[in-house]
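This report considers how the helices of one protein chain pack and how its charged side chains pair. The structure is shown first.

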Amino acid sequence: MPTAAVFAALADPTRRTVFERLSLGPRPVTEIARGLPVSRPAVSQHLKVLRGAGLVTVEKHGRQQVYAVRREGLEEMRRWLDGFWDTALESYAEAVRAAVTEEENR
């Protein structure tokens with residue numbers, strides 16, 4: 001199951017927006033913050049939470065810190081969600097088999 005930190009990090013709408021911007025490619029904080037209704041320091045705090053949850057990485061490029069999505073950070077969540085999907089499909093298949101068996105026994 002994904003960690004609570006991943007869910008908490010992505011639960012905030014501003015952090016999701018930051019994360020979505022990073023999904024388009026690596027960006028410095030100033031570029032990520034452009035057009036957001038929060039300050040650049042607030043964006044930095046959101047990035048700190050995303051980084052702590054293992055969802056983003058940061059590299060120093062001269063004086064800038066460039067953030068990028070850490071794809072591996074989402075793998076655990078995807079496996080967890082896929083498990084729900086697999087369970088739902090199996091439950092549906094069982095219901096169909098039971099309905100077919102019931103119909104055949106009539």
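The sections below treat helix packing, one buried arginine and the salt bridges. The model is a predicted one.

## Packing of H1 against H2

Helix H1 spans residues 4-11, and helix H2 spans residues 13-22. The axes of H1 and H2 come within 5 Å and cross at roughly 95°. The two helices are therefore roughly perpendicular to each other, since crossing angles of 65 to 115 degrees are classed in this way.

On the H1 side, the contact is made by Ala8, Ala9, Leu10 and Ala11, while H2 contributes Pro13, Arg15, Arg16 and Phe19. Sorted by class, the residues of this contact comprise six nonpolar, no polar and two charged.

## Packing of H2 against H4

H2 also packs on helix H4, which covers residues 40-52; the angle is about 80° and the axes lie 10 Å apart. That angle makes H2 roughly perpendicular to H4. Residues Thr14, Arg15, Val18, Phe19 and Leu22 of H2 meet Val43, His46, Leu47, Val49 and Leu50 of H4. The contact of H2 with H4 holds seven nonpolar residues, two polar ones and one charged residue.

## Packing of H1 against H5

Helix H5 runs over residues 72-104, and its axis comes within 10 Å of that of H1, with a crossing angle of roughly 100°. H1 is thus roughly perpendicular to H5. Here Val6, Phe7 and Leu10 of H1 meet Leu74, Met77 and Trp80 of H5. The contact of H1 with H5 has six nonpolar residues, with no polar and no charged ones.

## Arginine 15

Which residues does arginine 15 contact, leaving aside its neighbours within four places in sequence? They are Ala8, Ala9, His46, Val49 and Leu50. Arginine 15 itself lies in H2. Ala8 and Ala9 take part in the contact of H1 with H2, and His46, Val49 and Leu50 are residues of H4 that meet H2.

Arginine 15 is buried but has no salt bridge. The nearest side chain of opposite charge belongs to aspartate 12, at 4.4 Å. Because a salt bridge requires a nitrogen-oxygen pair within 4 Å, aspartate 12 does not serve as a partner for arginine 15.

## Salt bridges

Side chains of opposite charge can pair when their charged atoms come close. The count for this model comes to five salt bridges. One of them joins glutamate 31 and arginine 27, whose closest N and O atoms are 3.6 Å apart. Glutamate 31 counts as partly exposed because its relative accessibility is 33%, whereas arginine 27, at 18%, counts as buried.

Another pairs aspartate 82 with arginine 78, the closest N and O atoms being 3.9 Å apart. These two residues are four apart in H5, so about one helical turn separates them. Aspartate 82 is partly exposed at 35% relative accessibility, while arginine 78 is exposed, with a relative accessible area of 60%.

A salt bridge also links arginine 97 and glutamate 90, with 2.8 Å between the closest N and O atoms. Both residues are partly exposed: arginine 97 has a relative accessible area of 46%, and glutamate 90 has one of 37%. In addition, salt bridges that share partners join Glu102, Glu103 and Arg106 into one network.

Note on methods:
Residues are numbered from 1 along each chain as its sequence is written. This is a predicted model: local features need pLDDT of at least 70, side-chain atom pairs count only at pLDDT 80 or more; totals for chains, interfaces and linings use all residues. Side-chain values use heavy atoms; hydrogens and water are left out. Buried means under 20% relative accessible area, exposed over 50%, partly exposed in between (1.4 Å probe, protein chains only). Lys and Arg count as positive and Asp and Glu as negative; His and the chain ends are not counted. Contact means heavy atoms within 4.5 Å. Axes are lines fitted to C-alpha atoms, for helices over the stretch in contact, and angles run from 0 to 180 degrees between N-to-C directions. Angles under 35 degrees count as roughly parallel, over 145 as roughly antiparallel, 65 to 115 as roughly perpendicular and the rest as oblique. Ala, Val, Leu, Ile, Met, Phe, Trp, Tyr, Cys and Pro count as nonpolar, Asp, Glu, Lys and Arg as charged, and the others, Gly among them, as polar.
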